[in-house]
Amino acid sequence: QVQLVESGGGSVQAGGSLKLSCEVSGYTFSEHLMGWFRQTPGKEREGVAAIRPGTGTTIYADSVKGRFTISQDRAKITLFLEMNNLKPEDTAMYYCAADPSSPARSLLLLPQSYKYWGQGTQVTVSS
C-alpha cells in the first residue's frame, strides 16, 4: 500500500519561508518520479516542482523558480519542498505525488503523470 503523507504547511507572512515534507511508505521511489503540486478552490491542480530521484533532475514552474527548491533525503524516503520569499499567490493546498513511470520532461508537471497522491497540507501566505 503506497502512502504519501505531507507535513510542514502553515501560515506565514509574505517574504517568509516554509519547508514541506512528504514521507513515503510502501513504495521504492529511488528510480521514479516525485513531484509537488498545489491547488486553490475552483482552480485546477498546478505542478510546482518535480524530481527524478535516479538522476536528481529537477524542474520548476516559472512562478516558483528561484524561490522553491525540491529535494530528497539520502535514503530517498522523504521528499521536501523548501519555499522562500513566499507570496500571497502561493497560498494553496500543497500535494505530494509519485509515479513509477519516467515520462518526458514536458509531462513532469502535469497531474495526469502521477498515480499516487497525498492528502495535502495547507499553506497560507498573508500580505
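Which residues have the most contacts inside the largest nonpolar core? The model is predicted, so local features need pLDDT of at least 70 and side-chain atom pairs count only at pLDDT 80 or more, while totals for chains, interfaces and linings use all residues. Residues are numbered from 1 along each chain as its sequence is written, and side-chain values use heavy atoms, with hydrogens and water left out.

The largest nonpolar core (buried Ala, Val, Leu, Ile, Met, Phe, Trp, Tyr and Cys residues joined through side-chain atoms within 4.5 Å) has 34 residues, and those with the most contacts inside it are Trp36, Leu81, Met83 and Tyr94. Among the elements giving two or more residues to this core are β3 (18-25), β8 (78-83) and β9 (92-99); strands are DSSP runs of E, at least two residues long, numbered from the N terminus. The most comes from β9, with five residues.

Five of the six residues of β8 are buried (under 20% relative accessible area, 1.4 Å probe, protein chains only), so this strand is largely enclosed by the rest of the structure. Strands pair if DSSP finds at least two bridges between them. β8 pairs in the antiparallel sense with β3 over six bridges and with β7 over five bridges. Leucine 81 in β8 is the bridge partner of leucine 20, and methionine 83 in β8 is that of phenylalanine 68.

The structure holds one disulfide (cysteine sulfur atoms within 2.5 Å). Cysteine 22 and cysteine 96 form this bond, with their sulfur atoms 2.1 Å apart. Cysteine 22 lies in strand β3 and cysteine 96 in strand β9, so the pair ties together parts 74 residues apart in sequence. Both cysteine 22 and cysteine 96 are buried.

Key
Buried < 20%, exposed > 50% of the residue type's maximum accessible area, 1.4 Å probe, protein only. Helix = DSSP H or I, 4+ residues; strand = E, 2+ residues; numbered from the N terminus.
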